[in-house]
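Hi,

Here is the structure I promised to pass on. Have a look at it first, then read my notes below.

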Amino acid sequence: QVQLVESGGGLVQAGGSLRLSCAASGSIFSINAMGWYRQSPGKQRELVAAIASAGRINYADSVKGRFIISRDNAKNTVYLQMNSLKPEDTAVYFCNADVAVTTRRRGDYWGQGTQVTVSS
């Protein structure tokens with residue numbers, strides 16, 4: 001089994017910053033892409049940012065220039081530095097990882113989610 005544990009959410013004023021962390025543990029052979037998604041009430045879950053094992057990065061247009069995703073492969077951890085936060089960034093943020101548990105078996109895993117609230 002693979003577990004993803006997120007931390008770092010909270011309440012911040014508009015213009016402020018937060019840093020999210022997500023550590024993967026368990027039966028891990030290797031991890032391909034890791035990423036962050038978010039979901040606010042009444043909306044579908046959307047991709048915020050993703051980073052491949054080789055470092056290729058993809059951002060949602062709404063966060064480009066404000067958010068930075070990074071990862072520490074030695075620690076199986078992905079980070080999301082969120083700057084210049086806006087009220088519309090308010091959502092539950094979920095960590096996601098594409099994990100190979102063996103050389104032949106992969107799975108898509110999710111964290112439990114962490115609330116980010118940006119006040120105006």
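Before the hairpin, one bit of vocabulary: a strand here is a DSSP run of E with at least two residues, numbered from the N terminus, and two strands count as paired if DSSP finds at least two bridges between them. Also keep in mind that this is a predicted model.

Now the hairpin itself. Strand 9 (residues 91-100) and strand 10 pair in the antiparallel sense, with 5 bridges, and 5 residues sit between the two strands. One spot to find on screen is Ala97, which stands opposite Tyr109 of strand 10.

While you're there, which residues of strand 10 point to the buried face? Gly107 and Tyr109 do, whereas Arg106, Asp108 and Trp110 point to the other face and are not buried. That fits a general pattern: in a regular strand, side chains alternate between the two faces of the sheet.

Next, the open sheet. It has 4 strands in the order 1-3-8-7, with antiparallel pairing. Strand 1 (2-7) and strand 7 (67-72) are at the edges with a single partner strand each, so each has one side without a neighbour in the sheet. From one strand to the next, the twist averages 15 degrees. If you want to follow one pairing in detail, try strand 7 with strand 8 (residues 77-82): they run antiparallel and are joined by 6 bridges. Ile68, for instance, has Gln81 in strand 8 as its bridge partner.

Just before that, have a look at Arg66, in the loop between strand 6 (57-59) and strand 7. Is Arg66 buried or exposed? Its relative accessible area is 10%, and the cut-off for buried is under 20%, so Arg66 counts as buried. A polar atom of the Arg66 side chain lies 2.9 Å from the backbone oxygen of Ser84. Leaving aside residues up to four places away in sequence, Arg66 touches several others, among them Gln81, Met82, Asn83 and Asp89.

Last, the disulfide. The structure holds 1, joining Cys22 to Cys95 with an S to S distance of 2.1 Å. Cys22 lies in strand 3 (residues 18-26) and Cys95 in strand 9, so the pair ties together parts that are 73 residues apart in sequence. The torsion about the S-S bond of Cys22 and Cys95 is about -80 degrees, which means the disulfide is left-handed. Cys22 is buried, with a relative accessible area of 0%, and Cys95 is buried with a value of 0% too.

Cheers

How values were computed: Residues are numbered from 1 along each chain as its sequence is written. This is a predicted model: local features need pLDDT of at least 70, side-chain atom pairs count only at pLDDT 80 or more; totals for chains, interfaces and linings use all residues. Side-chain values use heavy atoms; hydrogens and water are left out. Axes are lines fitted to C-alpha atoms, for helices over the stretch in contact, and angles run from 0 to 180 degrees between N-to-C directions. Buried means under 20% relative accessible area, exposed over 50%, partly exposed in between (1.4 Å probe, protein chains only). A polar contact is a pair of N or O atoms within 3.5 Å; within protein, one must be able to donate a hydrogen and the other to accept it, and residues adjacent in sequence count only if both atoms are side-chain atoms. Contact means heavy atoms within 4.5 Å. A disulfide is a pair of cysteine sulfur atoms within 2.5 Å.
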